[in-house]
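Subject: Structure handover

Hi,

Here is the structure I promised to pass on to you. Have a look at it first, and then read on for my notes on what turned up.

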Amino acid sequence: MRCAVFASGGGSNFQVLAEQLEQSPAEIVLLISNNSTSGAMQRAQKLGIPAVHISGRTHPDSREYTAALTALMKEYNVDTILLAGYMKRLPADLIAACPERILNIHPALLPAFGGRGMYGIHIHRAVIDAGVKKTGVTVHFVNEEYDRGRIITQVPVPVYTDDTPEKLAQRVLAVEHDTYWRVVDRLARGHSLHD
Ligand code: GRF
């Protein structure tokens with residue numbers, strides 16, 4: 001399985017995917033980032049993984065943007081897209097062309113704490129404000145409805161009374177790191193994706 005990771009930020013999930021999947025039939029062959037100075041881009045350089053910056057700035061015309069992304073997927077023979085902290089919406093045409101071949105990881109138990117405005121620290125703040133005792137990690141397929149694609153796996157994470165959004169974010173991120181590559185590895189080995 002030839003995977004492209006799409007990441008906008010720090011890229012810790014990207015790095016774990018690249019490292020943990022080294023012995024897997026799933027291979028990370030490309031990083032796409034919409035942020036040329038992202039940690040993810042820097043990590044790709046260190047890992048020796050080809051990285052391409054492509055965004056609304058490099059491609060202001062949305063059709064050209066979609067065409068450029070599609071051409072990159074072809075060039076690198078990508079059959080699976082892994083979103084890992086990717087803050088830009090994927091073009092609808094690309095999503096339609098890859099049914100159940102685009103995955104995302106979300107740092108909460110979807111459908112709770114998903115959708116508009118639910119990204120980064122906002123999610124963990126909302127979880128604490130809601131007073132829930134449990135949050136977690138969701139890996140799901142991406143469809144045209146934001147954060148609404150079929151759920152592949154969910155891993156719960158406890159919320160403690162003295163949690164701050166930052167502390168909770170760290171605990172959830174550690175679980176993300178332990179979860180995403182295992183799902184991708186199972187997918188590549190043709191194992192059942194459900195627990
Ligand atoms: C992760 O929490 C991921 O679930 C979310 O954005 C964060 C990205 O972190 N969508 P990193 O860039 O992988 O360090």
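Let me start with the pockets. The largest pocket holds about 1,000 Å³ of space. Please keep in mind that this is a predicted model.

A total of 41 residues line the largest pocket, and those nearest its centre are Gly 85, Tyr 86, Met 87, Tyr 119 and Gly 120. Six elements each give two or more residues to this lining: helix 1 (12-20), helix 4 (92-97), strand 5 (102-106), helix 5 (121-130), strand 6 (134-141) and helix 6 (165-188). If you sort the lining by class, you get 17 nonpolar, 16 polar and eight charged residues.

Where does the ligand sit? The space it takes is the largest pocket.

Around the ligand you will find Gly 9, Gly 10, Gly 11, Ser 12, Asn 13, Gly 85, Ile 105, Pro 107 and Glu 176. Of this shell, six residues are polar, two are nonpolar and one is charged. Gly 85 turns up twice here, since it belongs to the ligand's surroundings and is also among the residues nearest the centre of the largest pocket.

You will probably want the polar contacts as well, so here are the distances:

- Glu 176: an N or O atom of its side chain is 2.5 Å from an oxygen atom of the ligand.
- Gly 11: a polar backbone atom lies 2.7 Å from a ligand oxygen.
- Gly 10: here too a polar backbone atom is involved, at 3.4 Å from an oxygen atom of the ligand.

As for burial, the ligand on its own has 370 Å² of accessible area, and the protein covers 79% of that.

There is another pocket to look at. The second largest one has a volume of about 190 Å³. Its lining consists of 13 residues, with Thr 70, Met 73, Val 78, Leu 94 and Cys 98 nearest the centre. Helix 3 (62-75), strand 4 (80-83) and helix 4 each supply two or more residues to that lining. Which element gives the most? That is helix 3, with four residues. By class, the lining of the second largest pocket comes to six nonpolar, three polar and four charged residues.

Finally, two points about the backbone, in case you plan to check the geometry. Most peptide bonds are trans, and most residues other than glycine have a negative phi. Leu 110 and Pro 111, however, are joined by a cis peptide bond, with omega about 10 degrees. Pro 111 belongs to the loop between strand 5 and helix 5. Glu 100 has a positive phi, near 55 degrees, and is located in the loop that runs between helix 4 and strand 5.

Happy to talk any of this through whenever it suits you.

Best wishes

How values were computed:
Residues numbered from 1 in each chain as written. Predicted model: local features only at pLDDT ≥ 70, side-chain atom pairs only at ≥ 80, totals over all residues. Heavy atoms only, no water. Near = heavy atom within 4 Å. Polar contact = N/O pair within 3.5 Å; in protein donor to acceptor, adjacent residues only side chain to side chain. Areas by Shrake-Rupley, 256 points an atom, 1.4 Å probe, with all protein chains shown as cover. 1 Å grid on protein atoms, 1.4 Å probe; cavity = no way out; pocket = protein on both sides within 12 Å on 5 of 7 lines; lining within 4 Å. Sits in = over half its atoms within 2 Å of the grid points. Nonpolar A, V, L, I, M, F, W, Y, C, P; charged D, E, K, R; others polar. Points joined across faces, edges and corners; volume = space filled by probe spheres on them.
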